[in-house]
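User: Please take a close look at one part of this model, the loops that connect the helices, and set that part in the context of the whole chain. I would like the cut-offs behind each term as you go.

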Amino acid sequence: MTSWLALHGLLAYFGFYQNLEAVPPRIFLAFAPTLLLIIALFATSSGRKWMNDLDLKTLTLLHGVRIPVEFVLYWLFLNKVVPELMTYEGRNFDILAGITAPFVYYFGFVKSKIGRKGILFWNIVCLLLLLNIIINAILSAPLPFQQFAFDQPNIAILYFPMVWLPALVVPIVLFSHLVAISRLVKESPKKF
């Protein structure tokens, strides 16, 4: 992960992602490999075995990272490098996943009050919140298919260190939901 962050940090620092004429858009190089890795993990038996050993409690608590990310997005909006729709004042309600993660952990795993179905439901809802901001972020970036925020596009992800959002932070959050959902669907209530 450190090498991956260093690579994309250097590419962003030296302006690699700022070339908006490249086809395909260079920013895809920040997240496409991680998406392919996630697919490979789900598609291979060794990947599935490794994912089955991941701790669901840790994967749940990991979503707390979404709180500072949302504050950073709001700060970026104030500095005119992301549109308002990418903030909690706009169309981004992803902060709710971060706020509720400790409660889901506590009432789901420590006190066993929510149960497997409740944790599964939370993961599905939070995955939808994540997909919402991903779609809005992509469609508000200054790319050939931009649909939103022409007056203040999402340019922050083209620069260091914000390129780390699509390169690592978002894929890890996505991965943690997909693993949790997969495991919660497959596991019997008694095993949970």
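Analyst: What follows goes from the whole chain to its loops and then to the helices beside them.

This is a predicted model, in which local features need pLDDT of at least 70 and side-chain atom pairs count only at pLDDT 80 or more, while totals for chains, interfaces and linings use all residues. Residues are numbered from 1 along each chain as its sequence is written, and side-chain values use heavy atoms, with hydrogens and water left out.

The chain has 8 helices and 0 strands, where helices (H or I, at least four residues) and strands (E, at least two) are DSSP runs numbered from the N terminus. The radius of gyration is 18 Å, close to the 16 Å that the globule rule gives for 192 residues, so the chain is as compact as a globular protein of that length; the radius is taken over C-alpha atoms, and the rule is 2.2 Å times the number of residues to the power 0.38. Along its principal axes the C-alpha trace spans about 55 × 35 × 25 Å, and 43% of the 192 residues count as buried. Buried here means under 20% relative accessible area, exposed means over 50%, and partly exposed lies in between (1.4 Å probe, protein chains only).

For the loops themselves, a general point on backbone geometry is useful: most residues other than glycine have a negative phi, and most peptide bonds are trans. In the loop between α1 (2-13) and α2 (28-43) one finds P24, and the peptide bond that joins V23 and P24 is cis, with omega about -5 degrees. Another cis peptide bond runs from F160 to P161, with omega near 0 degrees, and P161 is found in the loop between α7 (115-139) and α8.

That loop between α7 and α8 also holds A149, whose phi is near 55 degrees, a positive value in a residue other than glycine. A149 is buried, because its relative accessible area is 14%. A positive phi near 55 degrees is also found at S112, likewise a residue other than glycine, and S112 lies in the loop between α6 (95-110) and α7. With 54% relative accessibility, S112 counts as exposed.

The loop between α5 (66-78) and α6 contains F93 and also D94. F93 counts as partly exposed, at 41% relative accessibility, and belongs to a nonpolar patch on the surface with L96, I99, F103, Y106, F107, V110 and I114, the patch having about 710 Å² of accessible area together. Patches are made of residues with over 30% relative accessible area and no salt bridge, like charges being joined within 9 Å and nonpolar side chains (Val, Leu, Ile, Met, Phe, Trp, Tyr) within 5 Å; the areas come from the Shrake-Rupley method with a 1.4 Å probe, and for residues only the protein chains shown count as cover.

D94, by contrast, takes part in a salt bridge with R66, the side chains meeting at 2.5 Å, N to O. This pair links distant parts of the chain, since D94 is in the loop and R66 is in helix α5, 28 residues apart. The count comes to 1 salt bridge, under the rule that a side-chain nitrogen of Lys or Arg lies within 4 Å of a carboxyl oxygen of Asp or Glu. Both partners count as buried, D94 at 4% relative accessibility and R66 at 3%.

After the loop that carries P161 comes helix α8, residues 164-186, whose 23 residues should span 33 Å at 1.5 Å a residue, and the end C-alpha atoms are 32 Å apart, which agrees. The expected span is 1.5 Å times one less than the number of residues. Helix α8 nevertheless bends by about 30 degrees at V170, and the proline P171 follows within four residues; the bend is the angle between axes fitted to the seven residues ending at a residue and the seven starting there.

Some C-alpha separations help to place the neighbouring helices. G115, in helix α7, is partly exposed at 23% relative accessibility, and its C-alpha atom is separated by 9.7 Å from that of V104, 11 residues apart along the chain. S45, in helix α3 (residues 45-52), is exposed at 54% relative accessibility, and 41 Å separates the C-alpha atoms of S45 and G90, which are 45 residues apart along the chain.
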